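Q: I would like to learn how to read the features of a protein model, one kind at a time. Could we go through them together with the structure in view?

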Amino acid sequence: MAKDANPSLALRVTVESGGCHGFQYLMSLTNMSAISADDDTVFEASNGSGARVVMDEPSLELLKGSKVDFTMELIGSQFKIVGNPAATSSCGCGTSFDIKL
């Protein structure tokens, strides 16, 4: 955030139905002014970087215990959800998952 000189941005992580396994992770940058105090939960990094992740309540329920990771590979860089305890299976690219109901 400091590198981009825009401390008002946060990474929004949402879960929607779809994808090849039933649910899919969606990630986007959002402005902190667009966050709803009633509907969203904001997590802030404890390392002083100013990094923030925002989730709505339904997504938070499906992602409890997960971690957001940033990977840099030859094909590109991206944020990924890793270690989702609610996921029973996921696709090869890691963008969709299935849960046990």
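Q: In which sense do strand 3 and strand 4 pair, and over how many bridges?

A: Before the strands, a word on the source: this is a predicted model, in which local features need pLDDT of at least 70 and side-chain atom pairs count only at pLDDT 80 or more, whereas totals for chains, interfaces and linings use all residues. Residues are numbered from 1 along each chain as its sequence is written, and side-chain values use heavy atoms, with hydrogens and water left out. Strands (E, at least two residues) and helices (H or I, at least four) are DSSP runs numbered from the N terminus, and two strands pair if DSSP finds at least two bridges between them. Here strand 3 and strand 4 pair in the antiparallel sense over five bridges, and Phe 43 has Val 53 in strand 4 as its bridge partner.

Q: How does strand 1 run relative to strand 4, and which residue of strand 4 is the bridge partner of Arg 12?

A: Strand 1 and strand 4 run parallel and are joined by two bridges, with Val 54 in strand 4 as the bridge partner of Arg 12.

Q: What joins strand 5 to strand 6?

A: A hairpin leads from strand 5 to strand 6 through two residues, and the two strands, strand 6 covering residues 76-82, run antiparallel with seven bridges between them. One of the pairings to look at is that of Asp 69, whose bridge partner in strand 6 is Lys 80.

Q: How should I read burial, and is Thr 71 of strand 5 buried or exposed?

A: A residue is called buried under 20% relative accessible area, exposed over 50% and partly exposed in between, with a 1.4 Å probe and protein chains only. Thr 71 lies in strand 5 and is buried, because its relative accessible area is 13%. Met 72, also placed in strand 5, counts as exposed because its relative accessibility is 67%. As for a whole element, strand 4 is mostly covered, since four of its five residues are buried.

Q: Which residues are in contact with Thr 30 beyond its neighbours in sequence?

A: Contact means heavy atoms within 4.5 Å. Leaving aside neighbours within four places in sequence, Thr 30 is in contact with Ser 8, Leu 9, Ala 10 and Arg 12. Thr 30 belongs to strand 2 (residues 23-31) and, at a relative accessible area of 11%, is buried. Seen from the other side, Ser 8, in the segment before strand 1, touches Thr 30, Asn 31, Met 32 and Arg 52 when residues up to four places away are not counted. Ser 8 counts as partly exposed because its relative accessibility is 28%.

Q: Which residues make up the largest nonpolar core?

A: A nonpolar core is a set of buried Ala, Val, Leu, Ile, Met, Phe, Trp, Tyr and Cys residues joined through side-chain atoms within 4.5 Å. The largest one has 12 residues, namely Leu 11, Val 13, Val 15, Tyr 25, Val 53, Met 55, Leu 60, Leu 62, Leu 63, Ile 81, Phe 97 and Ile 99. At least two residues of this core come from each of strand 1 (9-17), strand 4 (52-56), helix 1 (57-63) and strand 8 (96-99). Phe 97 also has contacts further along the chain, among them Val 15, Tyr 25 and Ala 87.

Q: How many salt bridges are there, and where do Asp 40 and Arg 12 lie in the chain?

A: Side chains of opposite charge can pair when their charged atoms come close. The rule asks for a side-chain nitrogen of Lys or Arg within 4 Å of a carboxyl oxygen of Asp or Glu, and by this rule the count comes to three. Asp 40 and Arg 12 meet at 3.0 Å, N to O, and this pair links distant parts of the chain, with Asp 40 in strand 3 (residues 40-44) and Arg 12 in strand 1, 28 residues apart. Both Asp 40 and Arg 12 are buried. Lys 64 and Glu 61 form a salt bridge at 3.4 Å, N to O, and Lys 64 counts as partly exposed because its relative accessibility is 47%. In the salt bridge of Lys 80 with Glu 73, the closest N and O atoms are 3.9 Å apart.
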